[in-house]
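Subject: Handing over the structure

Hi there,

Here is the structure I promised to pass on to you. Have a look through it first, and then read on for what turned up.

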Amino acid sequence: ACALLAILAHAYWYVEPNAVEALPPALELPWQQLRARLDRAQEVLTYTDLIVYNWKLRRPAPSASLRVEELELLLPTIGNREESVFYLTQVEILSQSSSMVRAFVNAHEAVLHQDEDGVERALIDIIDCLDHLVSESLLKINPNPYSPTYVDPVVWAKTVAPFAVPLHTGDQGPSGTSSPIFSALDVFFRRAQNASFLGQEIRALRAHYPIFWRQFLDALAGVSVIEF
């Protein structure tokens, strides 16, 4: 419901060349109530709305996997291939990266039991997962016109990119840095500095994560693999 209202709000705001000054009460009030229930302060279309919940299986089946080829958008906004592939590739990446959660847990348990081999196995699992994400899933956002998952960068920039721009200056809209993968890896490996622009953005976005994400990151910080 919150995702739908956020998308409707953005559509209303950007449907004309000149942005409006305020949302109508029919959109603003229910959206405000839902954001309050979800502990969201900013009036923005979040990464959770746009990516994490915005998919459905083409043909639901027990063997179906969350891959771009087997997914479609639950709430499309532009309705072109650029939108579908760009968003659903991120869904696939999130799904494929879930194995790292188990690796984080295994690494922590190994540290607590002084099991050096267990820590090594967990780190190798993380490396293998990241290799797969970079070499297979991420490459589905493909600028090659002959690819079945071709994304025209010009079409993407003119149609998909502007839609999720925050309604109000200073608010943080959805971006690649919103992905919980980056925050989880930063916490797990005890990233000491966040001086870069992206580093600061990743850190700032944690405050707007769903509460269970924040609790998981707090728990992840409880055991240090680096100091083992």
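How many of the 16 residues of helix 4 are buried? Before the answer, please keep in mind that this is a predicted model. The count is 13 of the 16, so helix 4 is largely enclosed by the rest of the structure. You will find helix 4 at residues 81–96. From its first C-alpha to its last it reaches 22 Å, close to the 22 Å expected at 1.5 Å a residue.

Next, helix 6

Helix 6 takes in residues 116–137, which makes 22 residues. Its end C-alpha atoms lie 31 Å apart, and this agrees with the 32 Å that they should span at 1.5 Å a residue.

Which residues of helix 6 are buried? They are Gly118, Val119, Ala122, Ile126, Cys129, Leu133 and Ser137. Around the axis they cover an arc of only 110°, which puts them on the same side of helix 6. The general background is handy here: an α-helix has 3.6 residues a turn, so residues three or four places apart point the same way. Turn to the other side of helix 6 and you meet Glu116, Arg121 and Val134, which are exposed.

What covers the buried residues of helix 6? The cover includes helix 4, helix 5 (99–112) and helix 8 (180–188). So the helix 4 that we began with, largely enclosed because 13 of its 16 residues are buried, turns up again as part of this cover.

One detail at the start of helix 6 is easy to look up: a side-chain oxygen of Asp115 comes to within 3.3 Å of the backbone nitrogen of Asp117.

Now the salt bridges

Searching the whole structure gives 9 salt bridges. Let me walk you through some of them.

Glu72 pairs with Lys56, and their closest N and O atoms are 3.4 Å apart. Since Glu72 sits in strand 2 (residues 71–72) and Lys56 in strand 1 (residues 56–57), the pair ties together parts that are 16 residues apart in sequence. Both residues are partly exposed, Glu72 with a relative accessible area of 27% and Lys56 with 34%.

Glu72 also forms a salt bridge with Arg58, where the closest N and O atoms are 3.7 Å apart. This pair links distant parts of the chain, 14 residues apart: Arg58 is in the loop between strand 1 and strand 2, while Glu72 is in strand 2. Arg58 is partly exposed too, at a relative accessible area of 41%.

Another salt bridge brings together the side chains of Glu69 and Lys140, at 2.9 Å from N to O. Glu69 is in the loop between strand 1 and strand 2 and Lys140 in the loop between helix 6 and helix 7 (153–160), so this pair ties together parts that are 71 residues apart in sequence. Is each partner buried or exposed, or in between? Glu69 is partly exposed, with a relative accessible area of 44%, whereas Lys140 counts as buried at 14%, the cut-off for buried being under 20%. As for the earlier pairs, salt bridges that share partners join Lys56, Arg58 and Glu72 into one network.

One last stop

Gln215 lies in helix 10 (residues 211–220) and counts as partly exposed, at 43% relative accessibility. Between Gln215 and Ser99 there are 19 Å in space, C-alpha to C-alpha, and the two are 116 residues apart in sequence.

Enjoy exploring, and write back whenever you like.

Best wishes

Technical notes:
Residues are numbered from 1 along each chain as its sequence is written. This is a predicted model: local features need pLDDT of at least 70, side-chain atom pairs count only at pLDDT 80 or more; totals for chains, interfaces and linings use all residues. Side-chain values use heavy atoms; hydrogens and water are left out. Helices (H or I, at least four residues) and strands (E, at least two) are DSSP runs, numbered from the N terminus. The expected span of a helix is 1.5 Å times one less than its number of residues. Buried means under 20% relative accessible area, exposed over 50%, partly exposed in between (1.4 Å probe, protein chains only). The arc is that of the directions from the helix axis to the C-beta atoms. Contact means heavy atoms within 4.5 Å. A polar contact is a pair of N or O atoms within 3.5 Å; within protein, one must be able to donate a hydrogen and the other to accept it, and residues adjacent in sequence count only if both atoms are side-chain atoms. A salt bridge is a side-chain nitrogen of Lys or Arg within 4 Å of a carboxyl oxygen of Asp or Glu.
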